[in-house]
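Colleague: I have a few questions about how the terms are being used here. Can we go through them one by one?

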Amino acid sequence: MARLSIFPLAGALLFPRAHLPLHIFEPRYRALVTDAMARDRRIGMIQPRDGQSHRPTLFEVGCVGRISDIEALDDGRFNIVLEGVSRFRLVKELEVSTPFRQVEADWEPFAGDAVIPDPLALVMRADLEREAKRYAEAKGYAIDWEAVSRLDDESLVNGVAQVAPFDTASKQALLEAPDMASRADLVVQFLRFFRLGEEDDGHGATLQ
């Protein structure tokens, strides 16, 4: 168990060994970054279940990241890059006087996050690249596919999971996937589901 300061942000996924750039402008999160830099540089990223309140309820699983790069701007804002360390399970929220929220977190269920995963099966890698191309073409995205082909499996899977505009529930399912192969399979399903849903009705689709 550990005490962890958190940054609830919908759609912002962090995975072990992945990087997440963030622009910090709200006063409470500027205070969070300042506090993290004075202590251990750690921030817990976690998605809110709803975005309607100042203090939304949270999903149970997030990922702790370490500030690997920081730019302090003249007006008090920050540009930071978080490097993912490990996922965590939220045990309980703590009563604190800080403007940012803090929780008791448990890393034990995700001890395997420290181990670099085995490569994907070739057929899964091919499926992932194919569906990513189809989705990008449907959306009109310009992608350097030669650069994509050079990515290792983990970087590709987590990179697509981070940048694809899936809904919050889908993003959370990707974060909670037990291993990289399971996450890759979900990414392929979501790419296909959202692409076909948008082609069918023109309004997009939502997984619940």
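**Reasons behind the labels**

Modeller: Start inside the sheet: glycine 44 of E3 has valine 64 in E4 as its opposite residue. Keep in mind that this is a predicted model.

Colleague: What makes E3 and E4 a pair?

Modeller: Two strands pair if there are at least two bridges between them. E3 (residues 42-46) and E4 (residues 61-72) have four bridges, in the antiparallel sense. The cut-off is met, so the two strands count as paired.

Colleague: Which strand does E3 pair with in the parallel sense?

Modeller: E1, over three bridges. Isoleucine 6 stands opposite glycine 44. Proline 8 has isoleucine 46 as its bridge partner. Three bridges satisfy the rule of at least two, so this is a pair as well.

Colleague: How do you know that E1 also pairs with E6?

Modeller: By the bridge rule again. E1 and E6 (residues 102-106) share four bridges and run in the antiparallel sense. Serine 5 faces glutamine 102 there. At least two bridges are needed, so E1 and E6 pair.

Colleague: Why is E1 called largely enclosed?

Modeller: Buried means under 20% relative accessible area. In E1 (residues 2-8), six of the seven residues are buried, so the rest of the structure largely encloses the strand.

Colleague: Why is E3 described as largely enclosed?

Modeller: Four of its five residues are buried, so the rest of the structure largely encloses E3 too. For the whole chain, 43% of the 208 residues count as buried.

Colleague: How do you know that the radius of gyration agrees with a compact globule?

Modeller: For 208 residues, a compact globule would have a radius near 17 Å. The chain has 18 Å, which agrees. Along the principal axes, its C-alpha atoms fill a box of roughly 50 × 40 × 35 Å.

Colleague: What share of the contacts joins residues 24 or more positions apart?

Modeller: 66%, taken over contacts with a separation of 6 or more. A contact here means heavy atoms within 4.5 Å.

Colleague: In what order do the helices and strands come?

Modeller: From the N terminus on, β-β-α-β-β-β-β-α-α-α-α-α. That gives six helices and six strands.

Colleague: What about the surface and the charges?

Modeller: The accessible surface comes to about 10,900 Å², and carbon and sulfur atoms hold 52% of it. There are 25 positive and 34 negative charges, and their mean positions are 3 Å apart.

Definitions and conventions: Residues numbered from 1 in each chain as written. Predicted model: local features only at pLDDT ≥ 70, side-chain atom pairs only at ≥ 80, totals over all residues. Heavy atoms only, no water. Rg over C-alpha atoms; globule rule 2.2 N^0.38 Å. Buried < 20%, exposed > 50% of the residue type's maximum accessible area, 1.4 Å probe, protein only. Areas by Shrake-Rupley, 256 points an atom, 1.4 Å probe, with all protein chains shown as cover. Lys, Arg positive; Asp, Glu negative; His and termini not counted. Charge placed at Lys NZ, Arg CZ, Asp CG, Glu CD.
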